[in-house]
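Student: I'd like a close look at one part of this protein, the open sheet and whatever packs on it. Could you walk me through that part and then tell me how it sits in the rest of the chain?

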Amino acid sequence: MPHILIVEDETIIRSALRRLLERNQYQVSEAGSVQEAQERFSIPTFDLIVSDLRLPGAPGTELIKLGQGTPVLIMTSYASLRSAVDSMKMGAVDYIAKPFDHDEMLQAVARILRDRQSAPAASETVAGKAANGNGKSAVDNSNGEIGIIGSCPPMQDLYGKIRKVAPTDSNVLIQGESGTGKELVARALHNLSKRAKAPMISVNCAAIPESLIESELFGHEKGAFTGASAGRAGLVEAADGGTLFLDEIGELPLEAQARLLRVLQEGEIRRVGSVQSQKVDVRLIAATHRDLKSLAKIGQFREDLYYRLHVIALKLPALRERGADVNEIANAFLARQSARINRTDLKFATDAEQAIRHYSWPGNVRELENAVERAVILSESAEISADLLGIDIELGDLEDDEFIGLPAQPAGNASNNSHEPTEDLSLEDYFQHFVLEHQDHMTETELARKLGVSRKCLWERRQRLGIPRRKTGVASES
């Protein structure tokens, strides 16, 4: 079980983070300062250190040196985001901006621990392939140079384009639905480029408040606006010599788009409040789930910026379009989650494999990862059944010869069913998530039928969990 050290002076944040990590099968120790961590623990023995940047006494970056190679994840507020980038230059493995959601933190922790565990094995694998000259290695992308799992034809085509595009300095636009892994493609492009040893700065344009985005990206001078007590470099400047990855670029305000266009056209930036420009050498990789061309036509995205970005466009297929890849990815997630809880016997039952293969996965790879994690946590036997995945799929509607051995699903009008199944609705968190997600476009009868309960049971659970019925729209059915 990985052992994580949390260093955070805010007791509430520290306790909440500890509970989150412990619920996800991590061993956790905590301290309120660098000095306390030194006094209580042998810092290099931890698998990961999660530390706030600003601490009483020494800053969190001191743990980079004290950890002697232990990866350090820095937490920071948006106001000090630039300092977090500086900490990465000092050796922090990554940073995460407050406020962050639970999934964001868990994904960052899992990725860092996975990279740490796989680094020696990956080196041996690459060396072995180079030695035997096996041409087949180009197809093995789960642990190879690309770092993405899957071998369906659309992904093989994508891998070929990544290898061709990565060595160039051309701007790249990655298109794909949310959760498909666009940042993985961006990292592959950076890691296979001549800029690999320089920083790759990742920015989620949708996560930074609109009032801060220009100063965060391009920096500002002292006195440029209220609260600007000192000059500060921006994230574009921090990426000088390396790669700037702008995720959800369709959310970038028009004013910031104009400044970004200048970076691409002239190779220079001007901080907010400054009259002086300075040169930067940055390769831009952008990603979006939106149709930028359509946005440009209605004036919500600059057309000249769109064509600057669209030099090379890479389309990342949705998970439902990747065929058998979905089961391969699910098994990789299962192996990872099983290792977290020190179990080697877990496997998917036949009905779970079929459900994974035939579900549409609207949340793509991110949704699949969450479903597998949920199933592993709730599993009480070696075989993980379909109901533990918590996905909304009517297995009974699929062809019988495709689903031999699947349990029967509730049929007919659910309002006549006086017995509620326990496999799904014993999990109140899943019930709440499903109702909140679907109640705006489904009637109470449809909700109850999908959940396999009576309308009376649905009403009772709403009351117990404090989920009021919507009074407008389709869900207002009487």
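Tutor: One term before we start: accessible area here comes from the Shrake-Rupley method with a 1.4 Å probe. On that basis, the chain in this predicted model exposes about 23100 Å², with carbon and sulfur atoms supplying 48% of it. Of the 478 residues, 46% are buried. The chain has 19 helices and 14 strands, and if you take contacts with a separation of 6 or more, 67% of them link residues 24 or more positions apart.

Now for your sheet. Five strands make up this open sheet, in the order 7-8-11-6-12, and the pairing is parallel. Strand 7 (200-204) and strand 12 (312-315) are at the edges; each has a single partner strand, so one side of each goes without a neighbour in the sheet. On average, neighbouring strands are turned by 20° against each other, direction ignored.

Let's zoom in on one pairing. Strand 6 (residues 172-175) runs parallel to strand 11 (residues 283-288), and four bridges join them. If you want a spot to click on, I174 has A287 in strand 11 as its bridge partner.

Next come the helices. Helix 6 (residues 153-165) packs on the sheet, where it touches strand 6, strand 11 and strand 12. The direction of helix 6 makes about 155° with that of strand 12. Helix 7 (residues 182-191) lies across strand 6, strand 7, strand 8 (243-247), strand 11 and strand 12, and helix 7 runs at about 150° to strand 6.

Away from that sheet, a few side chains deserve a look. D52 is in strand 3 (residues 48-52). An unreviewed UniProt entry gives D52 the feature "modified residue: 4-aspartylphosphate". In the model D52 has 8% relative accessibility, so it counts as buried; the cut-off for buried is under 20%.

As for aromatic rings, the count comes to three pairs. One of them is F41 with F46, edge-to-face, at 5.6 Å centre to centre and with 85° between the planes. Both F41 and F46 are buried. Y306 and Y307 also pair: their ring centres are 5.1 Å apart and their planes are at 65°, so this pair is edge-to-face. Here the two partners part ways on exposure: Y306 is buried at 7% relative accessibility, whereas Y307 is partly exposed, with a relative accessible area of 48%.

How values were computed
Residues numbered from 1 in each chain as written. Predicted model: local features only at pLDDT ≥ 70, side-chain atom pairs only at ≥ 80, totals over all residues. Heavy atoms only, no water. Helix = DSSP H or I, 4+ residues; strand = E, 2+ residues; numbered from the N terminus. Buried < 20%, exposed > 50% of the residue type's maximum accessible area, 1.4 Å probe, protein only. Contact = heavy atoms within 4.5 Å. Pairing = 2+ DSSP bridges. Axes fitted to C-alpha atoms, helices over the stretch in contact; angles between N-to-C directions. UniProt positions renumbered as here; feature names shortened; annotations may be inferred. Phe/Tyr/Trp six-rings, centres within 6.5 Å; stacked < 30°, edge-to-face > 60°.
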